[in-house]
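Let's take a walk through a protein structure together. Have a look at the sequence and the 3D view, and then we'll begin at one end of the chain.

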Amino acid sequence: LALHAIAPMSAHAGSYYIRLMVLDQPGVLADISAVLRDHDVSIESLIQRGRNPGQAVPIVLTSHDTTEADMRGALERIAALPAVLEAPRMIRIERS
């Protein structure tokens, strides 16, 4: 019986669904995009609904394939941005 090493989740590669609650103000998407860029995470799609200046709005995005370590690093930095109102939510997108 051969034993196979199990890779850590940080090595998992795939795409992700991310939900953010942010203040609707200029520059927020630029700040989020810069953090993703710095962690080698590419955006596949992005939706921002509503227009309530100074109020909370959701941003939903999906990423192209990346590692979980890069995504978690990016989300840690995004959570610290002043306009981000709550911890980002992440779901792995599994493909068969």
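Start with Glu-94, which sits in the segment after strand β5 (89–93). Keep in mind that you're looking at a predicted model. Is Glu-94 buried or exposed? Its relative accessible area is 57%, and the cut-off for exposed is over 50%, so Glu-94 counts as exposed. Now find Gly-14 in the 3D view. Glu-94 and Gly-14 are 80 residues apart along the chain, yet their C-alpha atoms are separated by 7.3 Å.

That pair gives us a good reason to ask about the chain as a whole. Of the contacts with a separation of 6 or more, 73% are between residues 24 or more positions apart. The chain has two helices and five strands, and if you read along the sequence you'll meet them in the pattern β-α-β-β-β-α-β. There are 96 residues, and 31% of them count as buried. As for the outside, the accessible surface comes to about 6,100 Å², with 55% of it belonging to carbon and sulfur atoms.

Next, zoom in on helix α1, which covers residues 28–38. Here Val-28, Ile-32, Val-35 and Leu-36 are buried. Why do they count as being on the same side of α1? Because they cover an arc of only 100 degrees around the axis. Turn to the other side of α1 and you'll find Ala-30 and Arg-37, which are exposed. What do the buried residues of α1 pack against? Their partners are β1 (13–23), β2, β3 (56–63) and α2 (68–79). Just after α1 comes Asp-40, with a positive phi of about 60 degrees.

From the helix we can step into the core. In soluble globular proteins, nonpolar side chains tend to be buried together. In this model, the largest nonpolar core has 19 residues. The members that touch the most others are Ile-18, Leu-20, Val-22, Ile-32, Leu-36 and Ile-78. The elements giving two or more residues to this core are β1, α1, β3 and α2. Try clicking on Ile-78: apart from its neighbours within four places in sequence, Ile-78 is in contact with Leu-20, Ile-32, Val-35, Leu-36, Val-84 and Pro-88.

Buried residues don't have to be nonpolar ones, though, as two more stops will show. Ser-63 is in strand β3, and with a relative accessible area of 0%, Ser-63 is buried. Setting aside its neighbours within four places in sequence, the contacts of Ser-63 include Gly-14, Tyr-16, Val-41, Ile-43 and Met-71. A little further along, Thr-66 lies in strand β4 (residues 66–67). Its relative accessibility is 7%, so Thr-66 counts as buried too. Beyond its neighbours within four places in sequence, Thr-66 is in contact with His-12, Ala-13, Gly-14, Tyr-16, Asp-40, Val-41 and Met-71. You've met Asp-40 before: that's the residue just after α1 with the positive phi.

Let's finish back at the surface. Which residues make a nonpolar patch there? The patch, of about 190 Å², is made by Leu-29, Ile-43 and Leu-46. Leu-46 lies in strand β2, which runs over residues 43–48. With a relative accessible area of 34%, Leu-46 is partly exposed.

Definitions and conventions
Residues are numbered from 1 along each chain as its sequence is written. This is a predicted model: local features need pLDDT of at least 70, side-chain atom pairs count only at pLDDT 80 or more; totals for chains, interfaces and linings use all residues. Side-chain values use heavy atoms; hydrogens and water are left out. Helices (H or I, at least four residues) and strands (E, at least two) are DSSP runs, numbered from the N terminus. Buried means under 20% relative accessible area, exposed over 50%, partly exposed in between (1.4 Å probe, protein chains only). Contact means heavy atoms within 4.5 Å. Patches are made of residues with over 30% relative accessible area and no salt bridge: like charges are joined within 9 Å, nonpolar side chains (Val, Leu, Ile, Met, Phe, Trp, Tyr) within 5 Å. Accessible areas come from the Shrake-Rupley method with a 1.4 Å probe; for residues, only the protein chains shown count as cover. A salt bridge is a side-chain nitrogen of Lys or Arg within 4 Å of a carboxyl oxygen of Asp or Glu. The arc is that of the directions from the helix axis to the C-beta atoms. A nonpolar core is a set of buried Ala, Val, Leu, Ile, Met, Phe, Trp, Tyr and Cys residues joined through side-chain atoms within 4.5 Å.
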